[in-house]
Amino acid sequence: MGRFVVLTLNGLTEGAIYAAMALALVMIWRATRVVNFAQGAMAMFTTYLALFALERGAPYWAAFIVALLCGLLLGAVVERVLVRPVESAPPLNVVILTLGVLLVLEALAPMLFGGQIRSFPAAFSIVGMRVGSLAIPFSPFDLFTLGSVLGLMVILLLLFQKTDLGLRMRAAAFNAEVSRLLGIRVGRMLTLGWALASMVGALAGVLIAPSLLLYPTYMDQVLVFGFTGAILGGLDSPPGAVVGGLAIGFALSYVGGYFGSDLETVGALVILVAVLMIRPRGLFAWQSQRQV
Amino acid sequence: MSLSALRWPPFVSPTLGRHLAMALGAAVFLLLVSSQIGAYDDYNLAAIALFAIATAGLTVLTGVNGQLSLGHGALMAIGAYTTSLLLRGRELPLMLVLLASVTTAALIGAVFGVAAARLRGPYLAGATLALALGLPQIPTRYKGVFGGEEGLTVSLPAPPNWLGVDFPRERWLAWIAIAAALATMVLLANVLQSSVGRRFKAVRDHEAAAALCGIDVAQTQVQAFVLSSGCAGLAGSLFAYWSGVTAPGGFSIPLSLQLLSAVVIGGLGTLAGAVWGSIVLVLLPTFTGGMASNLNLPSSVGNNLPLAIYGAVLVLAMLVFPYGIHGGLGRLLGLVRARWGQTSTNHKGVVDWDDPAPGG
């Protein structure tokens with residue numbers, strides 16, 4: 001029983017990270033119909049920038065803000081400069097383009113910041129909390145991770161559902177042509193969508209760095225699990241991304257804990273394929289029919 | 001009586017004859033080249049040939065049939081592990097090993113193909129990516145059978161006696177890989193020209209229309225997956241011979257992504273594009289690696305320069321040559337033809353050979 005609690009809490013924290021990554025991928029997919037494989041590398045790069053700021057004497061929270069703002073900027077630049085020109089090319093081209101961005105960033109990071117594995121500080125203690133005499137394997141930093149991911153999700157939800165800007169962004173993603181006719185600057189909305197998504201990714205990067213340690217490819221696995229989570233939930237559904245990401249976190253934790261850590265990814269594969277066999281467009285697909 | 005009006009026996013169609021003649025010409029040329037170059041270049045030639053098999057299979061699946069696979073490296077791993085397990089502590093004829101690898105990969109590909117036939121676009125991409133991530137974990141887990149992280153060793157195949165005692169083993173491997181690649185190309189080129197190939201394209205272009213024409217969409221997609229997996233298995237088997245070690249690290253996600261990027265860089269949906277892509281895949285890192293070591297850069301920059309250049313090439317190629325090398329060459333050829341006043345080109349660098357000519 002104790003073990004189950006440990007694995008559940010562990011899965012919850014990891015799942016929150018995967019959920020953030022999945023959400024970033026879903027936001028970009030909804031805006032531009034692109035699976036951004038460079039998402040993880042972009043988050044890696046912004047985390048390195050945060051570390052750079054820390055080493056120059058900046059306090060943790062300033063570095064935290066640096067990472068998020070750089071994420072915002074990087075997302076906007078990638079969309080505007082690289083993705084926009086291949087909009088009309090065959091759909092696979094943009095996939096290859098994001099792979100290219102991934103490789104360039106993963107090569108650039110060790111050139112600029114050194115290739116060795118670095119540690120990244122956590123905002124709070126990473127030692128498990130105590131309730132009375134009972135030690136629970138859930139640290140204040142885990143709580144912060146969970147809280148900040150949830151907080152960001154609420155902010156995004158409010159932005160998309162309650163503000164005029166969010167409405168315009170949703171319209172631009174839903175139907176570019178009609179939105180343009182209604183006077184929405186679709187291009188700007190898409191750039192903004194990429195920027196926000198990239199910021200969510202950057203948050204995931206900073207939050208997972210203390211436990212994974214920082215090296216140029218440390219986000220690759222997070223990206224793949226985030227993508228798996230997004231697929232599981234359905235690429236068109238932000239709540240699906242969150243549920244899918246959390247589900248992958250729990251699944252990896254349970255499979256790793258009960259069957260051995262080297263079967264984690266096989267477990268994720270089996271679960272993903274099993275779910276997709278029943279729901280080929282993810283758990284939260286509401287558009288179940290393909291267009292004819 | 002024109003040539004096409006002749007009745008050809010079923011196995012000697014003009015298409016087959018043309019493809020065989022092209023393959024024979026390429027074989028003679030490549031054998032001559034291979035005899036003139038050193039062992040290291042022969043080794044690279046073998047790599048190009050074996051990756052061309054994998055990219056050709058992938059281009060049939062992704063380019064011709066429209067199923068996006070991010071997990072082809074895993075299918076190569078199946079071929080490579082079949083080969084390594086068969087050769088563990090015994091000698092077997094090369095043909096038998098290659099055939100067994102192709103069959104195993106095709107069978108497993110069939111199972112996955114049945115699952116894949118239900119999935120579309122990014123969902124298929126996600127599932128195949130999970131395959132590429134999950135499958136290499138199995139050898140790590142079952143060390144006794146698959147040799148764990150260190151992997152299984154395979155020695156280069158010995159050349160037959162009639163080639164002489166000191167015939168380099170690398171050259172023999174290059175010959176095997178070239179023969180296998182050409183055989184694959186002839187087979188695939190014929191399949192693409194046949195009704196099977198037309199069904200592949202029909203399913204890619206419009207599933208509902210294809211189904212209305214009486215094509216079994218799911219069955220066609222499984223067929224394409226099996227064909228493509230067989231190619232990946234053959235490439236994987238040769239890869240095992242080529243690299244000497246079959247270990248999970250060799251078949252991680254980057255391999256799958258490299259295969260896909262090679263296919264797109266070369267020109268999606270054409271066999272020539274697959275060959276171009278495999279040439280870029282093998283030679284670009286060799287070239288940039290040599291360049292980086294000549295520049296006397298600090299090691300943190302020099303070691304990562306090839307990767308940066310590869311990434312930059314991917315980005316630039318997509319921005320400048322959206323239809324890959326093959327499409328770019330076709331466009332160039334069209335410009336030359338137009339310049340010399342021959343038939344005006346209707347080929348705006350569009351890779352698909354049966355793409356209807358745009359009006360005007």
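Angles under 35 degrees count as roughly parallel, over 145 as roughly antiparallel, 65 to 115 as roughly perpendicular, and the rest as oblique. This is a predicted model, with local features needing pLDDT of at least 70 and side-chain atom pairs pLDDT 80 or more, while totals for chains, interfaces and linings use all residues. Residues are numbered from 1 along each chain as its sequence is written, with chains lettered from A and ligands numbered from 1 in written order.

Q: Are α9(A) and α11(A) roughly parallel or roughly antiparallel to each other?
A: Take α9 (220-233) and α11 (264-278) of chain A, helices being DSSP runs of H or I with at least four residues, numbered from the N terminus. Their axes sit 10 Å apart at about 20 degrees, using lines fitted to C-alpha atoms over the stretch in contact and angles from 0 to 180 degrees between N-to-C directions. So the pair comes out roughly parallel.

Q: How many nonpolar residues does the contact of α9(A) with α11(A) have?
A: Contact here means C-beta atoms, placed from the backbone, within 7 Å. A:F225 and A:I231 are among the α9(A) residues that meet α11(A), where A:L272 is one of the partners. Counting Ala, Val, Leu, Ile, Met, Phe, Trp, Tyr, Cys and Pro as nonpolar, Asp, Glu, Lys and Arg as charged, and the others, Gly included, as polar, there's one polar residue and no charged one, and the nonpolar count is six.

Q: Which element gives the most to the side of chain B that touches chain A?
A: Between the chains, 36 residues of chain B are in contact with 41 of chain A. Elements giving two or more residues to chain B's side include α12 (253-266) and α15 (305-320). With ten residues, the top contributor is α5(B).

Terms used: Contact = placed C-beta atoms within 7 Å.
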